Amino acid sequence: MDDSLAAGVYLMHLALCTDGCLFCLCLVQTFKVNSYIDPFLWASRREMGMVDIFKRRMKVFTLAFVIYLDYKALQQREKFIRKSKRAALWERLHERNAKRVLNLMIELEGLWVKLGQYLSTRADVLPKAYITLLKQLQDSLPPRPVDEVCQTIEKELGQSMDDLFLDFVKAPLATASIAQVHRATLRNGQEVVVKVQHQGVKTIILEDLKNAKSIVDWIAWAEPHYDFSPMIDEWCKEAPKELDFNHEAENTRTVFRNLGCKGNCNDRKPANFVDVLIPEVIQSTERLLVLEYMDGIRLNDTESLEAFGVDKQKLVEEITRAYAHQIYVDGFFNGDPHPGNFLVSKQAPHRPILLDFGLTKLLSSPMKQALAKMFLASAEGDHVALLSAFEEMGLRLRLDMPEQAMEVTSVFFRNSTPSNEALENVKSMAEQRTKNLKVLQDKMKLNQKEVKRFNPVDAFPGDIVIFTRVLNLLRGLSATMNVRIVYLDIMRPFAESVLDGNISKGPALNAQWINDTPVHSDVEAKLRQLLVELGDADKILGIQVCAYKDGEVIIDTSAGMLGRYDPRPVQPDSLFPVFSVTKGIAAGMLHWLVDNGKLRLDENVGNVWPQFRVNGKDLIKVHHVLNHTSGMHNALASLTQENPFLMLDWDECLSRIATSVAETEPGREQLYHYVSFGWLCGGIIEHASGKKFQEILEEAFIRVESRLATLTPDVDDLKKLSGVSNRSDLPSTFQPSDIAQLATTLPALFNTLNVRRAIIPAANGHCSARALARYYAALVDGGTVPPPHSSSSKPILGSHPHLPKFASLKPPKQQKGYWRKLMTSANCTEGRMQKKSYSSGDSSYGMIPDNDNIGDSNNLTAETTIDADDHQSVSKIFTNPRIHDAFMGAGEYENLVLPSGKFGLGFRRCYAKDGSLIGFGHSGMGGSTGYCDIKNRFAISVTLNKMSFGGVTGKIVHLVCSELGIPVPEEYSRFGSLPSRIFSERGVIDRKCGDGLTLMGLDNGSPNTFDTSFYASLRNRRGILESDQMLWTDASTKPFVQSYLGVQGLQALDFNVKFGKLMVKMSNIEVTMGTNSEIRKVCSEIK
């Protein structure tokens, strides 16, 4: 009965561990750190006799050893006992050891009583026998003599009891581990409670902490997968603070203020209001605390709770809300929410009364945001945001296990379970641990002994320990009260509020919404104004736009944030999921094989890929696949509904596509191969080259702390698709209504790292706009790779290679090859390019391919091999002088495509309004796109993470092409209804204040703060009035704006002082009227 054994071992360390332990338990084992021993621990040894220390330690270790052997013995004996008798034996065992634990804790007092209090709340994981017996430790310990209590009070306050109180009730209200509480009446008639610290308890607790540390080390030695050193180390740092009641008094006042508690709070209900009570502090010393008396019901008084009609579900939910507020909103929370620290007011609506703030935790603002991000990432299943949160909070892993990290974090915030499900809960946790051990063992190729000793965590932040202990105690509280709490629902609004300051800050409120990079051209300046307009309309979450003209960069702009719950700003080299834009890259790979003589466009696919010949597909040629006329348009389409995760198995998908049946005759009908295109191209590439797809197209994938954008749908925009009629050029499984459903549901799926890392060449590329624009800039010039971005582009292209860094992994080797020359660190990834085998020295992330990966390197090397930083050399990746015709299916290649079809050979053909063929490109679901105009040597890319119907991209492409005076592609011409006044001062005001009544501030940075954000808006070309914006564009006034912002590393001028002096000058201007008025042209003359 392994789950019962687990419960037995679990009770040995549970007070010292939290769900943080469960977190690491599921990851297999936490790291071990150098023990932190507080100086108080050493001082305590001088106060306690060595004999007493030895006796306490021997009692603790003896009990621990006896309990361990008792459980281990029954585990061995039960193999020979009938199943019908096993349950009763385990029950008696639990009762026997629960009594042993209780008796020792009462005898030793101090820390061990706190351990018992903690254990008594864990009805969700511990057997009932422990919960029943240990409940009395919450507040019902044998009382200390009243003479001892009075002696402490008089010593601390320096007055006699008669001088202090009109009445002092000798019978204590409660006796707990550290102090005893009495009710009293002050001389002024106020009813209070007096909390008095036990004499000698400080010495006992500090010594017990040292013993507890030894026990944790011993358990880790006996059971290597139970190592909780970080948790006891954090306790050693925090516990001494609980022994200073002045500290507790200040904590109480702080939480009182933060939660807005003052008797009845009905008249004040701000956002995320919590309806709880906290007693006011009257007086405090180091060992004594006087608080306002509040008459309430204890949580373990079931009869009284029922008599007063207390709703237990609502009660526990409100307590949970109060802690969510403390953690996420305030960043300052009570770390000890066991049932003895709560009361319930007797008056309706029966508010929770929060007590005892001795153990608290203060979170820094970055840590608070990271915890909120971790919570929301778990709720959304967003692996990228989760790993980003880990990095921000200082939790570092030694290897790549994103799926297990998500599973464990989900356990953090799982729903609470009633006490009657405790055994099942323990069993589930044990199964999860076994499962993760197996994953780790397979990944690292370790034996059973090695995997128990392997530590996947490189750094574990102490702040998480108390945080997760609170979650654990709250879960135990709900189990004790026999209610089920959905933490994801209750805590979510509070976690969201932490990020609201950044999440809600669109361009109207955030002067840094557009990344502060150089403006390359006038058209880029106008583009940024358009992005601000679209951002204010909530059409953009995060976006990148990059464009080349005549081989030079003319636009390189990024704006917004990486995700709905990831407020980090989008950088020029951030990676965006671009969906079907990837088809253009896969097609380029296939054309590259043709260009190098490894493949022919008119070759039968079955000749290259023998397994593909079956089921009547022997007539399908390579050009049919590229032209979307193979008849395989619906192949494997059912996977998206039946089992989306099967798409992650590359070899299985290739096998299935090879045996699929074509629906139409090859070359007869052009229907978009929205999913099958990637597997068809991939299979051809692998068999033509003799290499695995990932060996050909290995690219730098995301490291855990890098910037990878996450998707969110523009629901309102996508609703428009539901009203669009079916289209004949789309397969039956990919009509507008299907697209709308996919665009709404796919973000959650494609935000997971296991999907992002899959090889799905039709839909799973991850690119920066820089990489995509550079790709199309090379294609538009016939394969000539443009030089790297100039030094004015920040960050410099290639400065973020997105390679993983793990403590135990070797650094990646330097890579080379034509795709590196082309994308050169422009950070384009197409799923996880995993190596054939995995070892601790390998990275499971994608790398950049060598030329040697495909055939003979002599034949496949580009004309001139260059380094990424070589600005002088020119590299060319295609030798075919008619490569453009090949891409578009024009000229001598027109017989390989369906006449009047929208697609050429792998790319969508783009036409001007007059019907002339001007270029090619490929768009993806949600709006990302890459496009080039051949005649005008123009290439542009747009990547975004708020999926829409393409309106944002259309406006961008239409604006840029119009400003450059080049033809607007027909598919974007419908977005040309932007008014000509869009950049005029009147136009902006009309759009925002069209009703003539709405007031609009002219400072769109921080309108309620007296600062220089107005000038920052002008620098970012976001001035509301054109006359304001001219302060930056006019050479005579620009230096004044710069002086207030600070330039070339100089400190900004003291704007407040200057402004004050100016106001004094203006007050000296005499008011003149009528014919006496004048226009002063030289304002500096005013004295």
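This briefing walks through the nonpolar cores and aromatic pairs of the structure above. The model is predicted, so local features need pLDDT of at least 70 and side-chain atom pairs count only at pLDDT 80 or more, while totals for chains, interfaces and linings use all residues. Residues are numbered from 1 along each chain as its sequence is written, and side-chain values use heavy atoms, with hydrogens and water left out.

**Nonpolar cores**

- The largest nonpolar core (buried Ala, Val, Leu, Ile, Met, Phe, Trp, Tyr and Cys residues joined through side-chain atoms within 4.5 Å) has 75 residues; buried means under 20% relative accessible area, with a 1.4 Å probe and protein chains only.
- Leu626, Trp679, Tyr776 and Phe920 have the most contacts inside this core.
- Helix α33 (769-780) is one of the elements that supply at least two residues of this core, and α33 gives the most, with eight residues; helices here are DSSP runs of H or I with at least four residues, strands are E runs of at least two, and both are numbered from the N terminus.
- Apart from this core lies another, of 66 residues, including Leu259 and Ala495.

**Aromatic pairs**

- There are 16 aromatic pairs in the structure, counting rings of Phe, Tyr and Trp (its six-membered ring) with centres within 6.5 Å; planes under 30 degrees apart are stacked, over 60 edge-to-face and the rest tilted.
- Phe375 and Phe413 pair edge-to-face, at 4.8 Å centre to centre and 80° between the planes.
- Phe375 is in helix α15 and Phe413 in the loop between α17 and α18, 38 residues apart.
- Phe887 and Phe920 form a tilted pair, because their planes are at 55°, with centres 5.2 Å apart.
- Both belong to one aromatic cluster with Tyr775, Tyr776, Phe878 and Phe907.

Notes: Buried < 20%, exposed > 50% of the residue type's maximum accessible area, 1.4 Å probe, protein only.
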